[in-house]
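Reader: I'd love a close look at the empty space in this model. Please walk me through it and its linings.

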Amino acid sequence: MKAIINDYPGVMKALVLHGVGDLRLLEVEVPELRSGCVLLRIKACGICSSDKERIYVTGTYHFPTIPGHEFSGQIVAVADDVDESYLEKRACVFPMLPCMKCPACESEEYAQCVNYNYFGSRCDGGFAEYLVVPLWNIITFPDTLPYEVAALCEPSAVSLHAVNLAELENTDTVAVVGTGTIGFLVAEFARKRAKKVFICGRTGEKLEHARALGYETIDISGPSYRDNAFKTTDGTGFNVVFEAVGSTCAISQAVDMAGNFGRIILLGNPKGDLSLEKNIYWSILRKQKSIRGAWNSRYSKKQNDWKEVLSLMEADPSGFKRLITHKFYVEDYKNAFDVFRGEGAKEFQLKIMLTF
């Protein structure tokens with residue numbers, strides 16, 4: 001082992017999930033450094049909307065588990081077979097651990113791996129002071145980029161992947177259904193390529209925030225959403241609609257707002273079974289709309305969404321910084337999750353970061 005720390009740490013602070021709703025801040029053993037891996041001292045970890053389900057509804061794949069999959073930190077130790085030039089570098093982490101044996105992995109389509117592991121849900125993740133990470137999953141970034149911004153790399157890569165799949169043209173008028181972190185990130189990437197981007201949501205504060213960022217908006221909480229969508233597009237409907245919610249209502253509205261030959265990109269995670277009204281289905285057939293799913297991100301030699309995102313972050317971090325509305329030290333995790341869940345006095349929030 002080669003390290004920038006005097007002694008390999010024995011214990012660390014971590015948020016440990018012992019059962020549904022049972023999240024505790026504990027001191028636990030630091031995992032042992034393995035061949036081909038580095039020890040990452042985690043500096044920032046974002047709370048994802050999927051963490052709400054994992055922690056408070058469905059649980060993770062086993063207990064106890066340390067959640068968290070949107071994180072960045074500094075490499076403080078490397079295994080003997082890892083180049084010591086990685087020491088002290090800042091890094092974020094592709095959280096999927098593919099099997100490397102299935103047909104998807106052999107074609108470098110790792111998001112479709114049939115037997116993968118995953119930091120923060122299937123194995124321990126980033127709500128901890130340290131994590132042992134295979135070098136393959138490490139993406140380094142320069143010291144000029146703040147850890148909190150780099151911790152947005154995971155949702156940013158997911159969002160950029162969806163935008164890449166849409167194959168946008170500079171004549172396209174685009175709608176993004178959803179005002180969470182992913183929705184705002186999709187809109188940010190889309191407006192670099194499309195003619196105009198609208199953000200569509202139900203929450204007044206988030207629509208106001210979108211307008212402050214220079215977007216036009218559509219309130220989809222009422223029945224007039226379709227009329228407004230077609231009015232703003234001179235009666236044609238949107239060329240491309242991204243759905244970043246994962247509900248029956250949001251998917252139906254996304255399909256409904258797309259025009260003839262419209263392209264709908266679905267990337268919202270559903271929380272239950274979905275259904276589709278007959279008229280919505282008819283509009284897909286009669287207007288020859290296409291629907292495409294977007295899952296995770298690409299992390300291959302051919303296309304690496306993570307490296308592309310980091311280059312955009314380095315060039316202009318300001319757009320990403322605006323999405324971080326709250327930062328909490330890990331010791332204050334209860335308040336962080338109260339804000340995240342809307343407990344007590346509701347606060348406007350997009351991305352909440354835990355820092356160490």
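**Cavities and a pocket**

Author: Happy to! The largest cavity is lined by Phe184, Glu188, Leu213, Tyr215, Gly319, Arg322 and Leu323. This is a predicted model, where local features need pLDDT of at least 70 and side-chain atom pairs pLDDT 80 or more, while totals for chains, interfaces and linings use all residues. Residues are numbered from 1 along each chain as its sequence is written, and side-chain values use heavy atoms, without hydrogens or water.

The largest cavity (points on a 1 Å grid over the protein atoms alone where a 1.4 Å probe fits but cannot get out; lining residues have an atom within 4 Å of a point) holds about 40 Å³ of space. Its lining has four nonpolar residues, one polar and two charged; Gly counts as polar, and Tyr, Cys and Pro as nonpolar.

In total, there are two cavities of 30 Å³ or more. The second largest cavity holds about 30 Å³, and around it sit Glu108, Glu109, Tyr110, Ala111, Gln112, Ser297, Arg298 and Tyr299. Three of these lining residues are nonpolar, two are polar and three are charged.

Next comes the second largest pocket (an open set with protein on both sides within 12 Å along at least five of seven lines), with about 260 Å³ of space. Its lining comprises 19 residues, and Pro31, Cys123, Asp124, Gly125 and Leu131 are the closest to its centre. By class, 14 are nonpolar, two polar and three charged. The strands (DSSP E runs of at least two residues) β2 (11–19), β3 (22–29) and β9 (130–134) each supply at least two lining residues, with β9 giving the most, four.

Terms used:
Points joined across faces, edges and corners; volume = space filled by probe spheres on them.
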